[in-house]
Each structure stands twice: as C-alpha cells, then as structure tokens.
Amino acid sequence: MFENFKVFETDFAGRPLVVETGKMAGLANGACLVRYGETVVHVAATASAKPRDGIDFFPLSVDFEEKLYSVGKIPGSFLKREGRPSEKAVLTSRVIDRPIRPLFPKDMRNDVSIVCTVMSVDHDCSPEIAAMVGTSIALSISDIPWNGPISGVSVGMVDGEYIINPTAEQKKASRMAVTVASTGSRIAMIEAGADIVSDEEMYNGIMAGHEYNQKIIAFIKEIQAQIGKEKFTYDAVHASDEMQDEVRAFALADICKALDTDDKTVRDARLKPIYDAVHEKFDEKYPGQEAQLEECLYKTQKYVVRRWLLDEQKRVDGRGMNDMRPLAAEIDLLPRVHGSGMFTRGQTQVLTVATLGPVSDQQMLDGIDDEEFKRYMHQYNFPSYSVGETRPSRGPGRREIGHGALAERALLPVIPPVEEFPYALRLVSEVLSSNGSTSQASICGSTLALMAAGVPIKAPVAGISCGLITEGSRWMTMVDIQGLEDFFGDMDFKVAGTKEGITAIQMDLKIDGLTPEMVKEALEKTHAARNYIIDAVMSKAIAEPRKELSKYAPKMLTIVIPVDKIREVIGTGGKVIQKICAECDVKMDVEEDGHVYVSGLDLDNCQRAITIIDTIVNDPEPGSFYNGKVTRLMDFGAFVEIAPGKEGLVHISRLDVKRTEKVTDVVNVGDEIVVKVLEIDDKGRLNLSRRDALIEIDGLTPENEISDAPRGPRRDSRDSRDRRDDRRYDRRSDRRDDRPRASNGFIANTNQPKE
C-alpha cells in the first residue's frame, strides 16, 4: 500500500535515530516520522502555491505541538484536551525557527508552515532535538525552496567532559545546557544556559556541538539525494534594479542626514518627509508598486548603515565599535513592592519588580518534560508605548515569552537553593522604552531588583548584545547594538553572565551562520562589556544584596520533621495545620520529604508556628518554657495546650507564686499563659507549672512554699461520655477522609484538589 515508504537509520550520540518517510502525511510538501530512542516526533512542512496579496515579508510559522498522551497524561483542563502551547513549546518553536529562517530565499513570500507533533517522549532522547532534525529532513526532501540542511544537538558538560545529547540524569549533573544548530560549514544558532562557565568552556562546547552536527547533516543529505523533490519555482516579490537605483539616487543624501543621530524619535521624524517625497515622485511612474518603493527605501537605509560601519568604522550615534550607550541604574523606585530596579541604556529602559512568596506559590507545569514545578519565574512585558506606537495589548506573544525565558535562564544559576532561601520568586520586567537590547536590560534590572529585595544571589548578572556586519569575506562586530544596527545588521548575539562566567546565550542571525572566529570574538567582547556594566554602573546603585528583606515581604522559616510525623502536624481533615495557621497568622506548606515552610508578615508569629510544630513532633523537654492556652478547668488545676495535641496539667498549687484557693481566681478558659515543663510521666502526660515560669522569667518572689516531690498518678479529667463522643467523631472523620490536608484545602504532599 505504501509504495514510497522508506526507512533511514543512523547512530545519534549512542542512540538509534530512525527516519520514516512515504507513509504519513502524504499531502504535505514534505513529511517524516523521527524515532529517536523511544521519542517519536512527526514533522510536516507545507507551503502555499502563491503568496497572499499585500504580503511584504516571508510568512513562516513553526509550531512545536506537545501532546500529553506522549507521556501518558490526560490534560488537566475542563475540556480534557491540549490548550494553548506551553512556554516550553513556544521556546522550542523559536529555537527551530531561528536556524531555518535565513536559509529561505529572501524574495519568497509564499506561506510556509512547519508542524512538529510530539507523539512519544523518552526523556533520555530530547524531543526538541528530534523535532529540529525532523524539520531539516522534511524541508530537505520537500519541493519547498530552502538552502539546507541543518542539524541540531544539545551539549552538556559533566566532570569537565562535553556530552552530546545528554540523558536526563546527565542533564541534572551538567554545568551547561547548550543547543547548537549548524549548516554544513557554519554555526547557525546558539541557545544556552550555564552555571557560570568560562568563555573558553562555552566556546569549546559550542564547537563540540558544531562538529557533531556535520555527521547528521551528511545523513540528511543522503536522504535528500535518494528521495528529495525538485524545488518549485515561485513569484519573486522584489523591486527592480532600475527602481532601486532611481530611489537611491533621489533619497541617499537625505537619508544619510536623517540617520546621523542617536535619537530614535528624531530619526523617525526626519525619515517621514523622505518617504512622502519618494512616493510623490515615483508612485505615478510605478503604479501599484508602493510596497516595492518601501523596499527600496529600506535597502537604501541598510546600505547607508552598513557602509558607515564597514568602510568608515562609524556608528549612527557616533560611538566606537566597543563603546556602550550612556548607562544608568536605580533601585527602590516603588515603595510598597518587595524589590525594584530600573536599568537604562541609551533610549532603552526596563523596570523590573521582584515579588517573594511562599514556596506553594511556585508555578505548576503541565507539559511533556519531567519538570513539574518552577520556583523562579521571570516575565517580560513589551507594551506598544515603549516604541511610540498605539496598539492594544493582547497578552504575551512569542517574543515576550522568549525574552522572559532568556532573562530567567540568565539569573537562575545565581538564585539561592530553596534550602537556603525558602521562597518562590516572581520577577516582572516592564519595558518602558525600547531602542534595542531590552532583553539584556531586563537582566540588569532584575539583578538590581533581586539585590534590593534582599535575595542573597551568588553574584550580580549583566547582559549585553554584540552585533555583526558581513560582506563577502569581510566582517566586523560591535558591542551594544541599538535598534537600527539590529534591524540592518546580520546578528544579535546576546550574552549574560557574572564577571566570572556565562549564564545564558541567545543568538539571532539573518545570515546562514557564523565562523568559529566570529563566535570567539563575540564572547570576548561581551565579557569585557559585562564587567564594565557591573563595576561602573550596577555596583554603584547597590553593591551587594541587602541583609534584610523588605518589611512588606513575607518572612519565611523552615523546619524538617520526620516523615512519619507529617500526619500529626496536619491532623485529621487538616484541623491541626489550620489551627496553627489561624492562631499564628501564617501560611504553611508541608512537603513529602518532611520539609515544612512557614511564611507570614511577622517573624515572631512564624517562629511561634515553628515552635508549635517542633513541640508536636518532639516531646517537650523538662525545663523548657512554652506559650500555652487554657483549655479546661478542674478543681485541682487547669489543663493547658502548648501545641495542638500536646496538653498538660498545671496543678492548682503551681498556678501562682502565692497560695491559690480556686483555679478561677488565677486563670480562665481561653487565657494564654507561659508555663514550664516539669516532667513527662510514665504515661507520656505533661506536668506543667505557671508558678516556675513567673519566678524564672518574670523574677517574681514566691509567697508560699510547696513540695517539689512528684505527685502521684492523676486521673484523666474527661468523663467517659466525652471519650465516647471523641471516638465517634474520630471514626466519622476516618470514614470521610483521613488523608492529611494543608491549610489551603489541598491534600498535603500531593497536588490533587480537595474532593
């Protein structure tokens, strides 16, 4: 039935890579099923027969579709089907898009769609890498014009050795997570996160990935040679050479004058009358070709900027190639937030706000990888006013998600572990003004906000971008590119890190790739720039994290209890933990491993809750003091609860420093008193003393003498009816649901909502 069915196989970092073609998606321009280990990804590439009317750009879409059946999950939504793409899916789509986009013809306007459907996931075999390789194969064997193939690998570093496509266990131990895409001769894309690695370590890791990519590219070329289709012809949409020469001759001098400024607003104002003049002169000569005239104006501006850079070593704002725009750093702009920092670079300005919360505020993830929670969250907002435009906000798009993830990746290595800093952290970067490198400004602003909030980060992190201009064999790089240089240049190489090493990289290209020399120079220049930003600007705003948290931030304490005591802390139906939270005005989170996190605005209340928990799981030691509440009164004394489930008797003789005739002369039910633990009898009952606490803590002098000899056995004050009622209540509770529940209504140590 499947006459064109073919199977191709090779080894991919020690695991089988099997490519099947000719069986599925026969109506697509190109399709393949990629099996990498037990990971299975289907990739389909399609293109429209003709371009849409009025399109003046190349409409490429890449979708990485995570199917939860691939990991044996049923979606958690009401509809029980996949909803909008996860952030991980959006980021993967961007990673695949970036290396393939420059390889399409510049003048093609046909819609091209790439759909990567993840059908099965083996966590040791990355579905993202399988999708990237599958995309390259689908395009290569299709009839869509494309100058591939490419290949992509992930690179880790364990014990000083570079690992290609590390397994799940190797990823946990790796100091870097680098995705490298390559063409047959150049490096096409870099996406990296790292634990403060040196420039040399990062460069060698990139080159290790680039070298391995050549093996997979050769494999794809073999497939293309056997079953590849002839590429179709398309209607090129571009201005004629005659039109381009006429527009350039007419507008070149005026455009040179217009671009010669460091102010984006002034530049835009100068260019508008030039555009109007060109249309007035040429619209009648070239009717219906307004889009081509706009293209000629764009190419003329690009020509001017690139000539200045390559021939005159001149930048539009007059800076040297390694000079940065004016920088400024500020903190504490917002009085009631937990931490705020604003970083300004020329006309680019980003304000970041840090918010701290209990660990239970961490983000729950519902995706195909094995990461279930995210404690550190970074979000990036890019409103239209930041570029002087009027456009309604429609929520975060792929660009916003990508830039937020880059900043998150850059700062994650310096965030203290939860054992040292038991908080969830959310950072929000608000772009106030944009003229290039807002993602890197958000990294700098986030460092300021974290230190202002008192988060004990390991070291300050700064971000900077490096640009590139190429022409034949000539090329040059420049630091801190502004919007115009990014727009007309060939590269935006973003690098973030501390003074010691790199924490994140993202590389966007408009050409088919970089040489190793270009990568090395970009790393060197960005390192020097990071050091300058940290030393000369950021450290003057705040040199180190504050020792104290904001008074508006929750105070967080933690205690580790035995796992078999978790039930006692939570109580039947969650009544114990709810009581602690209500009495101490705190929030509590109990983890499966016995970690208990207590948060509240008042540190004393948090400490009191910790003391109560400790009292529940550990027998009080004789001689220790506790704040307790009177629960019952008897003729012979008062029963005082020092913690839920921990109740003891204060004998009437030990209620006060003087003789007590009636218990109610000293205390009543509900009173809070300080008591001292005298002893724990052979039945585990507590004998307490208010008298000793008054003498030892308050310094009162006793007015009478009492015997310190242990008293004989005391009977339980509860009558049989009380005990029968308690047993009936407990049985009902057990039948209803005796699973321990936390104060927020969720079952402790699981993530299932209360039924």
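Mentor: Let's start with a term: an angle here runs from 0 to 180 degrees between N-to-C directions, with axes fitted to C-alpha atoms. Keep in mind that this model is predicted.

Trainee: Okay, how does helix H14 lie relative to S22, S23 and S24?

Mentor: Helix H14, residues 603–617, lies across those three strands. Its angle to S22 is about 15°. On a scale from 0 to 180 degrees between N-to-C directions, that value of about 15° belongs to H14 and S22.

Trainee: What makes S22 and S24 a pair?

Mentor: Two strands pair if there are at least two bridges between them. S22 and strand S24 (residues 595–600) are joined by six bridges, so the condition of at least two is met. The two strands run antiparallel. Ile-559, for instance, stands opposite Val-596 in S24.

Trainee: And why are S22 and S23 called edge strands?

Mentor: The order in this open sheet of three strands is S22-S24-S23, with antiparallel pairing. Strand S22 (555–560) and strand S23 (587–590) each pair on one side only, and that makes them the edge strands. On average, neighbouring strands of the sheet are turned by 15° against each other, direction ignored.

Trainee: Let's switch spots. Which residues does the "binding site" annotation cover?

Mentor: The unreviewed UniProt entry puts Asp-486 and Asp-492 under that label. Asp-486 lies in helix H10 (residues 483–488), while Asp-492 is found in strand S20 (residues 491–497).

Trainee: Why does Asp-492 count as buried or exposed?

Mentor: Buried means under 20% relative accessible area. Asp-492 comes in at 8%, so it counts as buried.

Trainee: Then why does Asp-486 get its own accessibility label?

Mentor: Partly exposed covers what falls between the buried limit of 20% and the exposed limit of 50%. Asp-486 has 26% relative accessibility, so it counts as partly exposed.

Trainee: How do you know what Asp-486 is in contact with?

Mentor: You look for heavy atoms within 4.5 Å. Leaving aside neighbours within four places in sequence, Asp-486 is in contact with Ile-481, Asp-492 and Lys-510. With that same exclusion, the contacts of Asp-492 include Ile-481, Asp-486 and Gln-506.

Trainee: What makes the link between Asp-492 and Lys-494 a polar contact?

Mentor: The limit for such a pair of N or O atoms is 3.5 Å. The side chains of Asp-492 and Lys-494 make their polar contact at 3.4 Å, so the distance falls within 3.5 Å.

Key:
Residues numbered from 1 in each chain as written. Predicted model: local features only at pLDDT ≥ 70, side-chain atom pairs only at ≥ 80, totals over all residues. Heavy atoms only, no water. UniProt positions renumbered as here; feature names shortened; annotations may be inferred. Helix = DSSP H or I, 4+ residues; strand = E, 2+ residues; numbered from the N terminus. Buried < 20%, exposed > 50% of the residue type's maximum accessible area, 1.4 Å probe, protein only. Polar contact = N/O pair within 3.5 Å; in protein donor to acceptor, adjacent residues only side chain to side chain.
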